[in-house]
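Welcome! Here is a short briefing to read alongside the sequence and the 3D view.

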Amino acid sequence: MAVDIQPACLGLYCGKTLLFKNGSTEIYGECGVCPRGQRTNAQKYCQPCTESPELYDWLYLGFMAMLPLVLHWFFIEWYSGKKSSSALFQHITALFECTVAAIITLLVSDPVGVLYIHSCRVLMLSDWYTMLYNPSPDYVTTVHCTHEAVYPLYTIVFIYYAFCLVLMMLLRPLLVKKIACGLGKSDRFKSIYAALYFFPILTVLQAVGGGLLYYAFPYIILVLSLVTLAVYMSASEIENCYDLLVRKKRLIVLFSHWLLHAYGIISISRVDKLEQDLPLLALVPTPALFYLFTAKFTEPSRILSEGANGH
């Protein structure tokens with residue numbers, strides 16, 4: 001195969017784009033930024049992203065997709081009130097919005113029209129921050145080689161959030177106006193207003209900390225799910241199994257946290273060795289059991305009553 005000889009590329013993410021190919025002859029352009037959907041290989045040539053995402057990549061995308069859904073559910077529950085019958089319908093609508101947004105996002109991503117994506121392999125943390133690695137050969141002129149080396153794991157999250165926001169604005173106000181009769185006019189749309197705040201926050205979080213979240217999200221899931229489960233059980237004054245079983249809502253919350261525990265464990269282990277990693281899922285009920293066994297020593301109900309009395 002004949003390849004034209006040119007000066008070597010400087011910088012970690014600069015590469016040469018294929019301009020012409022005729023049989024065994026390949027002609028590449030000057031060293032610069034790779035087109036979208038490509039990244040440099042070891043020889044500094046821009047190559048298309050044609051691999052399938054690994055399990056860990058899908059788990060990361062699942063985590064980023066869950067964030068707005070969990071926040072939707074939290075604020076719906078927070079503002080609906082205990083006697084409101086609209087909370088369930090709003091929960092279902094939020095799930096529908098996020099599910100449809102995820103499907104549309106996959107359909108419009110490369111390859112278009114199918115529910116899977118092509119991606120480039122994530123090799124190191126710097127792949128998420130290529131803008132920090134633009135070379136300056138003469139310390140004066142900067143060669144701009146910023147591109148999405150982790151295509152499409154970085155931008156696909158923004159696309160998903162955009163579809164979530166559009167679907168929410170199209171569906172949720174009509175639903176809330178129809179069924180949220182138990183709430184005051186000022187309270188009906190507070191969960192929607194909350195989303196208008198947390199979506200920009202999630203967008204900035206992905207833009208600035210996407211690479212850090214990619215490596216840290218399994219531990220974030222485990223820590224937050226453990227903390228929120230302990231807070232919920234203490235706030236609900238659950239001190240034994242009977243208190244847990246007396247209401248269906250408590251069981252739903254418990255099983256939801258168990259799913260999050262399992263998600264975090266699978267993300268950490270990556271299920272590289274199935275026979276060794278699957279037994280780790282037996283640890284999922286451990287935090288809840290530990291809480292129930294030790295609740296009699298801490299007496300959450302007494303602590304809450306003393307806090308309410310100002311002692």
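The bend at a residue is the angle between two axes, one fitted to the seven residues ending there and the other to the seven starting there. With that in hand, helix α1 bends by about 25° at M66. This is a predicted model, in which local features need pLDDT of at least 70, side-chain atom pairs count only at pLDDT 80 or more, and totals for chains, interfaces and linings use all residues. Residues are numbered from 1 along each chain as its sequence is written, and side-chain values use heavy atoms, leaving out hydrogens and water.

**Confidence**
- The chain averages a pLDDT (the predictor's confidence in each residue, from 0 to 100) of 85, and 88% of the residues score at least 70.
- Among the elements, helix α4 (residues 190–235) has the highest mean pLDDT, 93, and strand β1 (residues 2–3) the lowest, 47; helices (H or I, at least four residues) and strands (E, at least two) are DSSP runs, numbered from the N terminus.

**Helix α1**
- Helix α1 covers residues 55–80, and its 26 residues should span 38 Å at 1.5 Å a residue (1.5 Å times one less than the number of residues); the end C-alpha atoms are 37 Å apart, which agrees.
- A proline, P68, follows the bend at M66 within four residues.

**Around D243**
- D243 sits in helix α5 (residues 241–245).
- Not counting residues up to four places away in sequence, D243 touches E237, I238 and R250, where contact means heavy atoms within 4.5 Å.
- The C-alpha atoms of D243 and M233 are separated by 9.6 Å, with the two residues ten apart along the chain.
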